[in-house]
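Please take me around this model in the viewer, one selection after another. For each stop, say what to select and what is there.

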Amino acid sequence: MTGQGAADASLGLSDRVRGIGGSEGAQPSTERTPDGEQSEFEGLGELLTADDETQFKTTDDLVARQEILATNRWWQDAHWKAIKGGYTWSTLEKTQDQNTYKQVFPPGAENKAPSAVPNKAADLCNKLVEVLNTDPPIPSPQALVDSEEAERAAELAAQFLKQDGSDQGTDDESLFWCQTDLATTSSTAYLYLWTDRTGGGWTPTQIRAHPQAVDANNPLVGPDGQPTTDYILRYVTEDGQFTEQPSQAARTWLPKIRAEKHGREHWRLYPEDKDLNQCEAAVGLLYCTLGEAKRRWDTVAELGEAELAALCDWTPRNAVRLLPPALRARWKITTGNRVDPKGSSSDERVMFYYAHYRRTCPDYPEGMELFVNGSNGGFTLGKGTLSAKVQVPSGDKQDQTVEETRLLEIPLVAIRLIQDADDRDPTGLAFMARIGSSSEAQARLATAYFEAIDKILHPARFSTATSPVESWQVEESRDSGAFVPVLSAQDYPKYEEPVPLPGSMFNLLEWNTEQLNSIASLPKPAQGADSQQEVSGVARRIAVGQANISLGRMHFGARSARTRFWMLKLGLAMKDYNVPQLLRFVGEDGAYKMEWFTGVDFAKVTGVEIKAGTGTMMPPQEKVQYVAQMAQLQFMSAEEAGDAARPTFTQTLGIPADPQQQRIERQVSSWLEGPPDGWLEQAQQQAQTQASPAPTQNTGQVPPAPVALPALWSPFAPLAPDDEPQVAIIRLRRLRRLLGTVRFGAQDKLWQKVALDEYSRMRKAVADSAGAAQKAEADQAIAMEQAKAQGAAQAAQMQAQVDREAKQQELQATIQADQQKLQAEMAGEQQKLAVQAQADQAALQLETEKLETQHRLDMEKLAAEQAFELRKMELQASIDLQLQEAAAADAKETAKIAGEEKGEAEKKEPKGDSTDGVAKVLEAMKGLMPSGKKTKITKGKDGSFEAVTTHDEE
């Protein structure tokens, strides 16, 4: 690598000079048309006249310049989104010795899941979004000059913004709720506006033409060859012929404003230290479907299949970050069939592109909008200027128009809630940066507390190695109630000791919650909670008011985004709405109206403000209470309070509009449209007739009778209720406001007289009603005085009667008191006798109970002595029996010993007859046997005999 390329390679990315005229990017060549004529953008900026490769290279270099900054912002947003989503272990790490950041999760958290604890951070973000968007602001366009046309244009712009902001248009409320929520984690959320040339559908083609024109190619000239100032709209067919049938007319596709929701990763502002209101350029890294690109840019619609595939194959740096997660899995999918019809799946492929905008400056006197794609080294989708050519009435020539150039802003809206005063990042700070750390601490405290409770509820179990108890037996015993067999007490299983819970845990969590609410500037009353210290409505209103003051900075950012959004809409309409469109709306008079408009009508609007009384962060009920308080303090009249509060509660409660108010509004609207055809000529003729001199009387001729002139038409047709005080006041107030407007002064003097006459009539009706009211008040005062006199006499009579009744009541009260005293004394004596009788009876009963107790004790003592003697005899008998049994045993033992000695003696004697010997032995042994026993004589193997006692004899 040599030359400039080598020099650029040795420099840091941010140190290179980029763009046209810099070290990177080709030098532009002046764009020429095929006929050799200069481009329409000649002199409007060299990038507009450069070739496609230079335009893409310059834009891509600007994108690369902020790649590190964009990556840092991406990881910051990812971190705060994770914290808001409940992933409390997300961290933002800074690379050592580098100004780069990255979001990381600790090891083992790959399969991440949100913490199972209340997410206070997400709750506060939701509450913030709800508070900021509680009272949706209403646009109030401001007229460019103090004229009737400008005032009417401002009213038309207000109706257009209202209708286009509904769900039929861009659905503004849904956009701002969503993007305000995104701004809580992404610092800045963007809304990008562009005009869809066919998004509004089609309408029969109409052009401005002479009422009697015959040639559509020369529509402003009549059959006599003369033009007219009374042009009308007439239908035109495809072949350029006039027609009266709308179904035969050619189709004209109507434009429509589109609004796209983008994050901070989609837009890069230059210079880097400027925000959207001060930057010189902005580059968007955007995407759209291929079908949308074909409708938006003619250059894309003319490409072949290969070129379209190349457009979709090109991707910018980190393209996946630019897509929502729902599109990341299908953005390159296609059927592969090159003959797919339009509107097929091929048109749904995603195509990336750069949107390069430059604000008006000396290098680009009318600004620049450039759309490029990186296929084949660079391809320009479309380009233009940030300006609009409009036709406005000439200031010095009547019935003539002049062309003016109106400069527009970059069609981008930034919703930034908090500015970064420390690091001075122009995209600001995320709301989560305020509360993220405290919310994470609360989540960790709650997680630790739940883990401690889980250990208490599920402790570890221990048992000895020789225990026969199995774990399944313990679980089965809990379910069935059966006993678990054990051999000893040592076989019982033991449980882990419970972890002691800190007693201050709930106090700590409550303290942390209060600090979170304070940091977020959202006390409990502002969150709509009932568990707060404020107990009265006044205290709650004060707390909410303080919260609104604390949210003032964020509320200012949201309001500024709204006003810029409305102004950009009017600018795009002024530039691209060149086809007449029908606007349907309901006026203040309650009547449905239809008006045709084009974008040129908005050229007379200089700016858009927020309508007073809207966008206040106050709910409807609080607004009504605030108005009532102002009226109570007499800071506003009852009528003004009613006008301010009525729009707030009529829609909520379903109260219909006042028909008298709507009637005067319809009459005023009709008057503002001007006099009908021929009315002024008729009014001038009557004025001249009334001003002509009357004929003299000295001629002797009878003067002719005056001619009865027809009454002039007036939109203020009188009705019977007009003279009623309440109705007259309503009409008088509305007419008073009409007389103070510019549009009243722009009308003809004769037409002004119609409104002035009605104003005078209503003023007289109000004065007459006020005089009648004063007379009625005086009559009421006289009647009150008479009533007072009669009341005084009646009061004296009533007082005397009351005195007599009082004395009678006093005497009767004395008699009743004496009787009550006597009755009380008698009752006291009777009560004393009753008490004495009760005392005597109680003493007698006590003595009786005492004797019965002594008798019971004597009987129990005698029974105890008898039981003792009986037990003594039983013990003596038992002892005697044991002594007898012992004596019998001793006698048996003695006889046994004697028998043994006798046997030994017989053995020593000579043996005689065996039979006799046996008999003798038996006789001897029977003498030795105890009496009463059955004895059996047996002979052993050695020839000896022995006696065995078997059982008792019967």
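Select V499 in the loop between strand 20 (494–495) and helix 13 (505–519). This is a predicted model. V499 has a relative accessible area of 34%, so it counts as partly exposed. Now add I456, L457 and L501 to the selection: together with V499 they make up a nonpolar patch on the surface. The accessible area of these four residues together is about 310 Å².

Before the next stop, show the whole protein. Its 954 residues include 34% that count as buried. The protein exposes about 58700 Å², and carbon and sulfur atoms supply 53% of that area. Colour by secondary structure and there are 24 helices and 25 strands. Among contacts in the protein with a separation of 6 or more, 67% are between residues 24 or more positions apart.

**Inside: the nonpolar cores**

Go next to F160 and I435. These are the residues with the most contacts inside the largest nonpolar core, which has 47 residues. Helix 16 gives the most to this core, contributing eight residues. Apart from this core lies another, of 33 residues; select W267, L381, L386 and I410, which are among them.

Return to I435 and display its neighbours. Leaving aside residues up to four places away in sequence, I435 touches A121, L124 and C125, and also L516, I519 and A520.

Helix 16 (residues 552–576) also holds K569. Is K569 buried or exposed? Its relative accessibility is 0%, and the cut-off for buried is under 20%, so K569 counts as buried. To see what K569 touches, select L161, D164, G165, T170, D172, L193 and I257; residues up to four places away in sequence are not counted here.

**A buried alanine and a distant arginine**

Select A64 in helix 2 (residues 52–65). With a relative accessible area of 6%, A64 is buried. Then select R317 and draw a distance between the two C-alpha atoms: they are separated by 8.3 Å, although A64 and R317 are 253 residues apart along the chain.

**A three-stranded sheet**

Show strands 6, 7 and 8 as a cartoon. They form an open sheet in the order 6-7-8, with antiparallel pairing. Strand 6 (206–209) and strand 8 (242–243) are the edge strands, each pairing on one side only. In general, strands of a sheet pair through backbone hydrogen bonds, either parallel or antiparallel. Zoom in on strand 6 and strand 7 (residues 232–236), where the antiparallel pairing runs over four bridges. For a single point of register, select R208 and L233: R208 stands opposite L233 in strand 7.

**Salt bridges**

The structure holds 36 salt bridges. Three of them are worth a stop.

Start with D298 and R197, which form a salt bridge whose closest N and O atoms are 2.9 Å apart. D298 is in helix 8 (residues 298–301) and R197 is in the loop between strand 4 (188–196) and strand 5 (202–204), so far as sequence goes 101 residues away; the pair links distant parts of the chain. D298 is partly exposed, at a relative accessible area of 46%, and R197 is partly exposed too, at 39%.

Move to helix 12 (residues 471–480), where E475 and R478 both lie, three residues apart, about one turn of the helix. Their side chains meet in a salt bridge of 3.5 Å, N to O. E475 counts as partly exposed at 33% relative accessibility, whereas R478 is exposed, with a relative accessible area of 51%.

Finish at R663 and D722. The closest N and O atoms of this salt bridge are 2.8 Å apart. What does the pair tie together? R663 lies in helix 19 (residues 659–672) and D722 in the loop between helix 20 (679–691) and helix 21 (725–739), so the salt bridge ties together parts that are 59 residues apart in sequence. Both R663 and D722 are buried. Extend the selection to D723, R731, E758 and R761: salt bridges that share partners join these residues with R663 and D722 into one network.

Key: Residues numbered from 1 in each chain as written. Predicted model: local features only at pLDDT ≥ 70, side-chain atom pairs only at ≥ 80, totals over all residues. Heavy atoms only, no water. Patch = residues over 30% accessible without salt bridge, like charges linked within 9 Å, V, L, I, M, F, W, Y side chains within 5 Å. Areas by Shrake-Rupley, 256 points an atom, 1.4 Å probe, with all protein chains shown as cover. Helix = DSSP H or I, 4+ residues; strand = E, 2+ residues; numbered from the N terminus. Buried < 20%, exposed > 50% of the residue type's maximum accessible area, 1.4 Å probe, protein only. Contact = heavy atoms within 4.5 Å. Pairing = 2+ DSSP bridges. Core = buried A, V, L, I, M, F, W, Y, C linked by side-chain atoms within 4.5 Å.
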